[in-house]
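Visitor: I'd like to understand how the labels on a model like this are earned. Could you walk me through the reasoning?
Guide: Gladly; let's have it in front of us.

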Amino acid sequence: HGSKFLGGMVTPGSGILHVELEVVDYDGCCMVGCAETGWDSKHLLGSGRSWGFSDDGDFKCKGRWMGDLLEPLDDDADFSFCWGDILGLTLNMKELTLTFSKNGRQVAKTQPSTLPSVPMHVAIGSSK
C-alpha cells in the first residue's frame, strides 16, 4: 500500500515532463498521476495533494473522484488499464494539466489549471 515518486521534480512554468511505464503487476487499485512536493507517499494517489488516474478509468483529485475534470481526447478510448498496457503521463507545468495515454494513444487530459502552480512529481501507487 502506498505510492512512489518517479523521476525528478517539475516546477511551475518550467515545461513538460513525460514518462511511460508498462503495467507488469499490481494487486488492488492501481493509480498513476502526480503529487505536490511534500505529499505523504504512504497514501494512495488522489488523496491529499495528489492527482491520479485509476485502473478502473476514473480520476481522483484531492481525495474525491473527479472524472468531470477530464477532457476525453479519443472518443473510442477506454480509460481503464491493466497488465500489459503501456501508460504515458504528461505533466505540463505551463498549462497546469495532466495528460494520460494508453498504448500510444492519448485518451484524456485534465482541464487547464486543474493542477496548482507548485513543484510536482510524477508518481505511481497501489492500494495493496
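Visitor: Why does Cys 30 count as buried?
Guide: Keep in mind that this is a predicted model. Cys 30 has 12% relative accessibility, and buried means under 20%, so Cys 30 counts as buried.

Visitor: And what makes Cys 82 partly exposed?
Guide: Its relative accessible area is 42%. Since partly exposed lies between 20% and 50%, Cys 82 belongs there.

Visitor: How do you know that Cys 82 is too far from the closest cysteine sulfur for a bond?
Guide: That closest sulfur is in Cys 30, 11 Å away. A disulfide needs the two sulfur atoms within 2.5 Å, so this pair does not qualify. The disulfide count for the model is zero.

Visitor: Which residues have the most contacts inside the largest nonpolar core?
Guide: Among them are Trp 51, Phe 53 and Leu 115, in a core of 29 residues. Strands 8 (86-92) and 9 (97-102) are among the elements giving it two or more residues. A separate second core, of six residues, includes Met 31 and Trp 39. In soluble globular proteins, nonpolar side chains tend to be buried together.

Visitor: What does Leu 115 touch?
Guide: Leaving aside residues up to four places away in sequence, Leu 115 touches Cys 34, Trp 51, Leu 91, Leu 96, Thr 97, Leu 98 and Met 120.

Visitor: Which strand gives the most to the lining of the largest pocket?
Guide: Strand 11, with three residues. The pocket has a volume of about 180 Å³, and Cys 30 is one of its lining residues. The lining divides into seven nonpolar, two polar and two charged residues.

Notes. Residues numbered from 1 in each chain as written. Predicted model: local features only at pLDDT ≥ 70, side-chain atom pairs only at ≥ 80, totals over all residues. Heavy atoms only, no water. Core = buried A, V, L, I, M, F, W, Y, C linked by side-chain atoms within 4.5 Å. Buried < 20%, exposed > 50% of the residue type's maximum accessible area, 1.4 Å probe, protein only. Helix = DSSP H or I, 4+ residues; strand = E, 2+ residues; numbered from the N terminus. Contact = heavy atoms within 4.5 Å. 1 Å grid on protein atoms, 1.4 Å probe; cavity = no way out; pocket = protein on both sides within 12 Å on 5 of 7 lines; lining within 4 Å. Points joined across faces, edges and corners; volume = space filled by probe spheres on them. Nonpolar A, V, L, I, M, F, W, Y, C, P; charged D, E, K, R; others polar.
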